[in-house]
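Here is a walk through one protein model, from its overall contacts to single strands and helices. Keep the structure open and follow along.

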Amino acid sequence: MNMISDPREHLVVIGNGMAGMRTIEEMLKLDGGRRYRITVFGAEPHVNYNRIMLSSVLAGDKTVEEIVINPREWYDENGITLVTGDAVKQIDRESRTVTSTAGLVVHYDKILIATGSKPLAPPIPGLGLPGVCAFRDIADVDKMLAAARTHKRAVVIGGGLLGLEAAWGLKQRGMSVALVHLMPTLMERQLDAAAGQLLQRDLDRRGIAFFTDGQTEEITGTEHAEGVQLADGRFIPADLVVLAIGIRPNIDLAKAGDLEVNRGIVVTDDMRTTDPDIFSVGECVEHRGNVFGLVAPIWEQAKVCAARLTGDETALFASQALSTSLKITGVDVFSAGALMAADEGDDEITLRDDNRGLYKKIVLRDGKLVGAVMYGDVADGQWYLGLMRDKTDVQELRDRLVFGRAFAEAGSGKAAGPDFAAMPDSTQICGCNGVSKGAIVCAIRDKKLTSLSEVRAHTKASASCGQCTSQVEGILAFAAGADAKPAKKTICECADADHDEIRAAILSQELKTMTAVREAFAWKKPEGCHKCRPALNYYLLCAWPGEYVDDSRSRFVNERVHANIQKDGTYSVIPRMWGGLTTPAELHAIASVAEKFNIPTVKVTGGQRIDLLGVKKEDLPGVWDDLGKAGMVSGHAYAKGLRTVKTCVGSEWCRFGTQDSTGLGVKLEKMCWGSWTPHKVKFAVSGCPRNCAEATIKDMGVVCVEAGYDILVGGNGGIEVRVTDPLVRVATEDEVLEYAGAFMQLYREEAHYLERTAPWIARVGVDYVKKRLVEDNDGRAILNARFLYSQTFAQIDPWTERVMGTDAHEFERLPELVGE
Amino acid sequence: MPGNNWKNIGPLANIPVRGSRRLCLKQKGRPVAVFRTGEDEIFALIDECPHKKGPLSEGIISGNTVTCPLHNWVIGLEDGKALAPDEGTTQSIAVRVIDGDIYVHLPELVTGARV
């Protein structure tokens, strides 16, 4: 019906990826959707997302939600028909129809092919085994994350951009990662050998094992991948193999439709294929012999294609100098143009500082910059790229150029640092999206933008890889002046305020309910969301002990039912064992309860206690009742609060022990149990510097020495192992207890919700913690007093309360119904 | 009074505000989560997240959504649909409150389809 009543031409877009949808966005900008009725076919079951950011999702820096470009509502609002999970399998140019895999046939007036690329997969035996995947889409990332949860060893094949980002992401997820690369140095197409070696050295230090000059012969295994066999005899065991050796344009459909293809689908400067009614953009195209893998030229193609589709017969696409960067936190790489001098006429200037891990090389030809490779400090990347694009004569700057913009321009009498007032409007700021300084300034002034997120929404500047964020912020400050709001990490999407602002207001404005906080900060959702509700509940509980009533409906299920939910919906129960000590009576009680309730698994935990796993929810109160009768209380193994105090046997038994570490551990645990904290807290006390209790990777550790006690803070044994920072050495147990209380309270009052002590101390600096706890005796005593006061409300065993009937509805099902 | 197809499952007060209880059917049915929002609206969904069948009845309820406790998918209580970018739907069950008692529509529980 639609076809008859709708007078518009029908544009069928094949591919729901970044290039295709960018073209549609550009078209909607140009003509508001007047000319075409649009149908989009996507092979993936998802809406349109930012594929470049998949590595950030893998590494845990972003969620899938955060990389969605256009949600389903966008398609609806613009009247676009979206078909997901169904690929087009055929184009019939005679009858002017396309046919999908599911059998859908639609007539077209124009087609846009944006099928992107496929992972390159050479004929290696074993590629089809379970446990082998590419790194191309959300499904691949899901596979990798699933493997990271259950398996240990990953091998990534391919040492280019994609392979390195995959390796880093898997490492971040806790796997041990090896990377196989065919060539002697990493990223050899973007980096020269020196920069490639620096990169390898840094990543090697971060725990990735490299196998360079490695030709993969076979992926071994029968039921599942078991390892990677290299041609030179080396073998690397693996539970997960990720193939990331490159991509090739996805041209199958175009080829079958008799369009001219070579490496990619051949297009002319107007983005048309050999059929004038069929356009193509993105990684699937070949333009003047070039194929494309980076986002900047593809955005340019989208612009040209959109203009052509809406009737502009003048728009032309031309390739430009490009730059690449790597998205690995803390590893800065930049490369553009030539990697090295082509002949004797070229000039190569190198700056190298091995100690600081800095490397810079620029290549000059005929007085102009033609290439730049940087490692370690890439702040001037876009400036170099600008000089290359504009073919600026840099003869005069030659001797200073390699030292960077500030130095080069200072020497020539210009101001140091980016001077946004003097910068020409045509200077490109965002390489990914091709946005100039002028365009950003216009948008800020015309639309009265005041925040980074608004500038991103309106101009797309810094919205792709994010490397130019600081420059965009600089322009915002310059153009909006005092109106500019600095970008910040808000508590969640419900509010514009950050954690610190909210905590400060809770105290200064005496906000004592969640509703009061949400009203004070004009929350966007009246009841908040699953991110802010638990945070506010904690902040209020911490700020108003004895006054604020805990809201169980704002707690994650584990903290609500005081047990740990397991993947099958049963729970685990861990009673407290003070300092890791237990008694025959307690062990009897645990054994009886396990038998009485048919508890399938009993395990000793890493925190020196006993875990009862597989308890049915309705049995929890009964289990707790029996444990309680033997004198045991909740171990809070489910809580953002004090978990365990691990100890060694100390001077009571050990011939090396210097102090009573077990006794001190029990005292610490008795003092601190029951408190709610921003995230979980683990303590340990070792009786001598041999440190058998592993105190140096705990939130707070105590190592006993002959002269007293060394107090250490901010350690973590998780994915990112962090060794504690020494805080102070004290002489007596009482001092240890005072420091412990003060440290707990400082962490409770100042860390952000869900921030462990390790990242908190990394954020504020151990010197700050020392200033508050060591240098300020009065301040320490006050913090400790506040902690002890709040403990008077917190030290109530939640299990006993529930045995007595608190929250009984949590543990009973509604009456069963009889099906008829 | 509602017809035979509506089954009384007890008073509204059985379910805490911004809370949920799980309801089980003998023999045939899949578990059902009955939700009560902050505005005292009542909804019922099959108690399985469309993602990995997590128990939605254990999630945090905000407005007319519940967040699955396993992987934080956010599910709309009215239609059982996952909020973008996640995609999937868990079946919703008709439910109503009469004179302070909650009634669920039985055919959907037994046949597993909305009638």
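In chain A, 62% of the contacts with a separation of 6 or more join residues 24 or more positions apart. The model behind this figure is predicted. Chain A holds 27 helices and 40 strands. Of its 820 residues, 46% count as buried.

Start with strand β12 of chain A, residues 153-157. Four of its five residues are buried, so β12(A) is largely enclosed by the rest of the structure. The cut-off for buried is 20 or more other C-beta atoms within 10 Å of the residue's own.

Which strands pair with β12(A)? One is strand β13 of chain A, residues 176-180. The pairing is parallel and runs over five bridges. Here A:Val155 stands opposite A:Ala178. The chain gets from β12(A) to β13(A) by way of helix α6, residues 161-172. This β-α-β crossover is right-handed. Another partner is strand β18 of chain A, residues 240-243. It too is parallel to β12(A), over four bridges. A:Val155 appears again, opposite A:Val241 in β18(A).

Now look at A:Arg149, in helix α5 of chain A, residues 138-150. Is A:Arg149 buried or exposed? It has 10 other C-beta atoms within 10 Å, so it is exposed; the limit for that class is 12 or fewer. A:Arg149 and A:Met175 are 26 residues apart in sequence. In space, their C-alpha atoms are 8.7 Å apart.

Next comes a sheet of three strands. Strands of a sheet pair through backbone hydrogen bonds, either parallel or antiparallel. This sheet of chain A is open, in the order β20-β22-β23, and its pairing is mixed. β20 (265-267) and β23 (290-291) of chain A stand at the edges. Each has a single partner strand, so one side of each is left without a neighbour in the sheet. Strand β22(A), residues 285-287, pairs with β23(A) in the antiparallel sense over two bridges. In that pairing A:His287 stands opposite A:Asn290.

Move on to helix α24 of chain A, residues 757-764. Its residues A:Thr757, A:Ala758, A:Trp760 and A:Ile761 are buried. They cover an arc of only 165° around the axis, which puts them on the same side of α24(A). What do the buried residues of α24(A) pack against? Their partners are three strands and two helices of chain A: β36 (681-686), β38 (708-713), β39 (725-730), α23 and α25. After α24(A) comes A:Gly765, with a positive phi near 90°.

Finish with helix α26 of chain A, residues 777-794. Its 18 residues reach 26 Å from first C-alpha to last. That is close to the 26 Å expected at 1.5 Å a residue. Its buried residues are A:Arg780, A:Leu783, A:Asn784, A:Phe787 and A:Ser790. Why do these residues line one face of the helix? Seen down the axis of α26(A), they fall within an arc of 130°, so they share one face. They pack against α23 (733-750) and α25 (766-773) of chain A. On the other side of α26(A), A:Asn777, A:Asp778 and A:Thr792 are exposed. Helices α23 and α25 of chain A thus meet buried residues of α26(A) and also those of α24(A).

Definitions and conventions: Residues numbered from 1 in each chain as written. Chains lettered and ligands numbered in written order. Predicted model: local features only at pLDDT ≥ 70, side-chain atom pairs only at ≥ 80, totals over all residues. Pairing = 2+ DSSP bridges. Right-handed = clockwise from strand over helix to strand, strands pointing away. Contact = placed C-beta atoms within 7 Å. Expected span 1.5 Å × (residues − 1). Arc of directions from axis to C-beta.
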